[in-house]
Each structure stands twice: as structure tokens, then as C-alpha cells.
Amino acid sequence: MPEPTVRVRIAPSPTGFAHLGTASTALYNLLFARQREGTFALRIDDTDLERNRPEYEALIYEALRWLSLDWDEGPDKGGPYAPYRQSERVDLYRQHAVRLLDEGKAYKCYCTQEELEAERRQAQFEKRPYKYSRRCLTNPPTDRGVFAVRFKVPGGSVVFTDMIRGEMAFDAELIGDFILMKSDGFPTYQFASPVDDALMKITHVIRGEEHLSNTPYQLMIVDALGYERPIAYAHMPLILAKDGAKLSKRKHPESNLMLYREQGYLPEALINYLALLGWNPGTAQEIFTFEELMRIFSFDRVQHAGARFDWEKLNWINGEWIRAMVDGELAKRLQPFLSNLDEATIMRAVPALKTRMTKLADATEYLDYLWKEPDMPALDAEQASRIDMAVDALKEVPWEPEPIEHALEGVVERTGLSKNKLYTPIRLTLTGKKVSLPIHYTLALLPKEIAMTRLMRAVPA
RNA sequence: GGCCCCGUCGUCUAGUGGACUAGGACGCAGCCCUCUCAAGGCUGAGACCGCGGGUUCGAAUCCCGCCGGGGCUACCA
């Protein structure tokens, strides 16, 4: 039998901002799909009526597009297995639930949340592992109308292949009957996900490790339905926060993908960093383009343990990408962060700026003196006189970094002053800051009249 | 509580019985360069390989126990 064409998917839930873990999972899926010349689908798992919002779905698209993690099939693009939004596939889940009901593989459950909670507490009190009592299977109440559909777990053992961990085996005797259809008529994740994966002919399920223990639940459903199981699974190590817990939307703001765009991380750099979190090439190389990753990525070099997210390393990788970027491209990417400046000015700043940024937003701190008048620094008489000398030397100089630098060096030579003594008061007067780009750039980026005015302001008449 | 996954410098990791005096990267420290800040170059500190038992001539690497962390155990996904 020939290997079927690879089909993979990601299935994010629109329950808040786009999550870093979604990007990570999308990356691994895409890498695998592209290297096997397969298809990458985006499915929106919006079965939680309480928490889903259409605007959150838009956020997911925006974030993935920003990272160039493009999908072949999805709610916005369509595809042979449309619709790709679970809320539009509810009839399908209902039909499958009815079939399971008819075949005696599922049953209606009329228990209330309170009753179930009581069962659970009782089990805990008696220190025995909790499993649903099957009350509604053996002795269903006759006076109730609202019900959920519960799967009758067949028991036995569930075995499957994980591309990272090898053969996995779970004892299904330990799994209690679980809900397929909620009483609001919507499916649970445990039900909708395997049904869709089967219907959409997903061949490899690549997702976060949090789903490892969910896999036997889903496989039992696939089996009960008589569908073909995916060829293999891959459960990727979780991205952990500084505190060692799984990155959560509520507790960890760094899980918000849009944050990275706002701060000026390059999509290439984020991808690069994400790839290295949990996977390594086995060589000393640290900087990778997507195409390189596509060539060398493999699941057998994926880590088994969760990886802690580290800003420092991301910053370094981002800096590497910034420094490697050609000036014109960098200027273009800088534009949104420097909306007060025109393209030509940004372009002139780039050579000096390049080695000083870890992220694009850093440019503001270096350049805001160009549109903001700094406060007059407190200078002593000596400093004022040095500025006076600089003004003299600069008067007739063409306003470009090179000639400015030579003019100032001339002053240094003639007076025997140190560069530090001469440049510091200039820097202070021009920018109001102790740190700036090299002094000749700091001067040249400012229109000459403004620069001279600011300098002369510091010199007592 | 039960089940599952995992445990090498602060962090990401290399390592699959001898080449390990445990390697690299980020970060950190020092020096060089230098007008500030970076970048760059060089040097350095930093891991008794979670702990305890085995197996073996020999273990970070194999086995067992314990401890620790994470995940799942929802009418969340």
C-alpha cells in the first residue's frame, strides 16, 4: 500500500489572544507538511460557547500570517473537507453521536453538575480513583429531559505510535465514561477532534504534550466509529514559563503572540527561536531560516521534556537577525516604529542603529531626540566652552557623518582634549541623554540648523 | 489521589557503556577595541549529570527504588 499524502492540521480555539504555543505547533506541523509535500490545514475548534469570540479567530489569522505560517485549507480558504469551523459542523457530530447511541456505544446521561461533583467528592473522600458511576447507563432517571451523551468506554488497552516517544500504551480500564455531546448540543473537544481528524483524513497529529493523555480517549472514539486511525502522533514538548508551569494566557503575558510584533521581534527570529525550543539540529548552528529548518527538522531530535521560555536567548537571536539584515529591508521594518521619521532619515540611521538593537522598538530610544526637543542639560563653564569650540568647527562642515567626525577630531587634536570630554556635552545638549548613537551620527541625523541651534543654546552669549 | 511524560551549568541543549579532566549557545565576569551605548575579539567562572541502591573491569548513558517538576484526570480546549 502506498503511503498516503501527508495531511496535518492545527486546531486552535478562539478563546483569547493568539497563543505562542499555537505558533510553535503550527511551525512543526508546517515543517513536517512541507518536507513531505503534504497539506497543512487550519481548523477552528470553537465548541466552547462560553468563551469563543469571532474577533479572537481573526487574531489567530493575523498572528499566523505575520509569522508566514500559511495554511493550505481553512475557514477562510475553504478546501475539500469544508467547513473548517467546528461550530459549523455540529450536525456532523450529532449524527455521529446518534450512531453511537443506536449502536449502544454511547448513552444519554441526565446527571446534573452537582450530582457529578458529589460523586467526585465521594470518591476523593474514599481515596479511590474517580470514574463515572454509570448510573445513567444502568438505572437512568425517567423524569428528566435534559441530557448529555456519554461514551461507553470499552476498556482494554490503547496502543499507538508517537513519533517522538515511540510506542505508547494506556490502560483504558482507568478511564471513566466521558461526555461526547454537552447538554447545550455542542460536542466536547474529546469528541469533535477525533471525528474531524478522521473525516478530514488527517494522517499525522502533531500537537502539544498536554494532549498525550487525551490520545487514548480519542482513539477509542475513532475505533468505535470504525474510522481509520491517524498513522502517527507527535506530542511536542510544552513551552514553559519562567516559573516552570505551562504558558497560560491568564498568568503569562509572554504567551501573547502580538506582543512580539509590537515590541519589534522579527517573525524570522521568533520562528528561529521557537524551532530551537524543544528541538535541536545536533550541530552548533543556532541561526536558521525556515527553508533550512524545513530541510533538517526531524522528530527524532525533538526533546521529551518541556522547555522554559527565555527572553535573553530570543533577544540574542533577534539581534542576530537584525544585524544580518540588509539596510534597506531593516529600514522598511523600522518604519512602523518610527512613524515620526521619513524613510530617508531612517535609512541614514540604520548603519549606526543596526548593532545597537535587540528589537525594533529599541530604535525609538535612540532616535526620539529627532522629534522631541530635549531638556537643556546643566553644564558647567568648561563644558559650555567646549561646545563653543565644536560649534566653530562645525559651522562650515558639510552635514554628513564623515566630515562631521573629521571636524570634531580636528578639535580634539588642536586642543588635546579627550574625545570623551568634548563629545559628552554635545551628546547631552543634543539628546538630553548619556547614551546615543556615535556622535557624528547623532549630529548628522538632525537637520544642521536644529543641531546648531541646540548647541548654541548651551553657550552663554 | 490515579494515570502519563520528564529530570545534564541560571536557561536552551550535546551526549545512546570507555575518546567526558561532561562539549556548545544565551546570560554573567574580566580584558581588548572605543566619544557613550552596542557590536566584535580574547579569557574566565558556572553541572559531583535530581538522590540512593544495584549491573559492569568501567555508567550521565542499563536496571530498581525514592524525590522533584509538568501534563491529563471537566457537560475547557
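**Entry 1: RNA strand B**

I looked up which parts of RNA strand B face the protein in this predicted model. Of the strand's atoms within 4 Å of the protein, 74% belong to sugar or phosphate, and the rest belong to bases. I then listed the residues near the strand, a residue being near if one of its heavy atoms lies within 4 Å of it. I found that 61 residues surround RNA strand B, and that K182, N280, T355, R356 and K419 are the closest.

I sorted this surface by class and noted 22 nonpolar, 17 polar and 22 charged residues. Here Ala, Val, Leu, Ile, Met, Phe, Trp, Tyr, Cys and Pro count as nonpolar, Asp, Glu, Lys and Arg as charged, and the others, Gly among them, as polar.

I searched next for polar contacts (pairs of N or O atoms within 3.5 Å; within protein, one must be able to donate a hydrogen and the other to accept it, and residues adjacent in sequence count only if both atoms are side-chain atoms). A backbone N or O atom of C111 lies 2.5 Å from a base nitrogen of RNA strand B. On the phosphate side, a polar side-chain atom of R301 lies 3.2 Å from a phosphate oxygen of the strand, and a polar side-chain atom of Q303 also lies 3.2 Å from a phosphate oxygen of the strand. The elements that give two or more residues to the surface near RNA strand B include α4 (113-125), β6 (166-171) and α17 (419-431). Helix α11 provides the largest share, five residues.

**Entry 2: Chain A as a whole**

I counted elements as DSSP runs numbered from the N terminus, with helices (H or I) of at least four residues and strands (E) of at least two. Chain A has 19 helices and eleven strands. Its radius of gyration is 31 Å, well over the 23 Å that the globule rule gives for 461 residues, so chain A is more spread out than a compact globule. The radius is taken over C-alpha atoms, and the rule is 2.2 Å times the number of residues to the power 0.38. The C-alpha trace spans about 100 × 50 × 40 Å along its principal axes.

I recorded 50% of the 461 residues as buried, which means under 20% relative accessible area, with exposed over 50% and partly exposed in between (1.4 Å probe, protein chains only).

**Entry 3: Three single residues**

I placed L408 in helix α16 (residues 401-415); L408 counts as buried at 0% relative accessibility. Its C-alpha atom is separated by 81 Å from that of E114, 294 residues apart along the chain.

I placed T431 in helix α17, where T431 counts as buried at 6% relative accessibility. A polar atom of its side chain lies 2.8 Å from the backbone oxygen of R427, and the side chain of T431 reaches the backbone nitrogen of K433 at 3.0 Å.

I found M236 in strand β9 (residues 232-236), buried at 3% relative accessibility. The C-alpha atoms of M236 and V302 are separated by 7.5 Å, with their positions 66 residues apart along the chain.

**Entry 4: Charges over rings**

I checked for charges over rings (NZ of Lys or CZ of Arg within 6 Å of the ring centre and within 35 degrees of the ring normal). The charged end of R150 sits over the ring of Y132, 3.7 Å from its centre.

**Conventions**

Residues are numbered from 1 along each chain as its sequence is written, and chains are lettered from A and ligands numbered from 1 in the order in which they are written. Local features need pLDDT of at least 70, side-chain atom pairs count only at pLDDT 80 or more, totals for chains, interfaces and linings use all residues, and side-chain values use heavy atoms, with hydrogens and water left out.
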